[in-house]
Amino acid sequence: MEKGTLDNGMINSESVNQATVSWEKAGNTLFLQGTLDRDSLLPLWQQKERALEDIDNIDVSQLSHVDSTGLALFIQLKGECQNRGRALTFSGVSERLNTLITLYGLQAILNDNQPTA
């Protein structure tokens, strides 16, 4: 099992937990934890090839916050996988994230092949 922490380099106490996203791989699933927003997105983007290697599902159930830039990252990752002939699903989508997906009209893109429980 591979683990990683992606931090934007901010060190003040208010932003340490809020500006960090960590990840763990188990099988073909990437589990994201923390906050995925404009402050934490760049380090994840820079390590996306390594983090997504052999991944076909991203579990977002342990993300405490996702903003529109985090959602844009999901769309980009899904598109890149589709261009390579790979499917990418998202599991554990919270009600808040689902509301954001709906507000942007992205249900057909992100919910097209949700894994069944």
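Which residues line the largest pocket? Let me take that first. Keep in mind that this is a predicted model.

The lining runs through two stretches of numbering. From one come Val 60, Leu 63, Ser 64, His 65 and Val 66. From the other come Ser 94, Arg 96, Leu 97, Thr 99 and Leu 100. Two elements give two or more residues each: strand E4, 57–66, and helix H4, 95–103. E4 supplies the largest share, with five residues. The volume is about 200 Å³.

What about the chemistry? By class, the lining has five nonpolar, four polar and one charged residues. Arginine counts as charged, so the charged one is Arg 96. Val 60, Leu 63, Val 66, Leu 97 and Leu 100 are the nonpolar ones, because valine and leucine fall in that class. That leaves Ser 64, His 65, Ser 94 and Thr 99 as polar.

Next, the rings. How many aromatic pairs are there? The count is one. The partners are Phe 74 and Phe 90. Their centres lie 5.0 Å apart, with 50 degrees between the planes. Stacked needs under 30 degrees and edge-to-face over 60, so this pair is tilted.

Where do the two rings sit in the chain? Phe 74 is in helix H3, residues 68–83. Phe 90 is in strand E5, residues 89–91. They are 16 residues apart, and the pair links distant parts of the chain. Buried or exposed? Phe 74 is buried, and Phe 90 is buried too.

Last item: a charge over a ring. The charged end of Lys 48 sits over Trp 45. The distance to the ring centre is 3.9 Å.

How values were computed: Residues numbered from 1 in each chain as written. Predicted model: local features only at pLDDT ≥ 70, side-chain atom pairs only at ≥ 80, totals over all residues. Heavy atoms only, no water. 1 Å grid on protein atoms, 1.4 Å probe; cavity = no way out; pocket = protein on both sides within 12 Å on 5 of 7 lines; lining within 4 Å. Points joined across faces, edges and corners; volume = space filled by probe spheres on them. Helix = DSSP H or I, 4+ residues; strand = E, 2+ residues; numbered from the N terminus. Phe/Tyr/Trp six-rings, centres within 6.5 Å; stacked < 30°, edge-to-face > 60°. Buried < 20%, exposed > 50% of the residue type's maximum accessible area, 1.4 Å probe, protein only. Lys NZ or Arg CZ within 6 Å of the ring centre and 35° of its normal.
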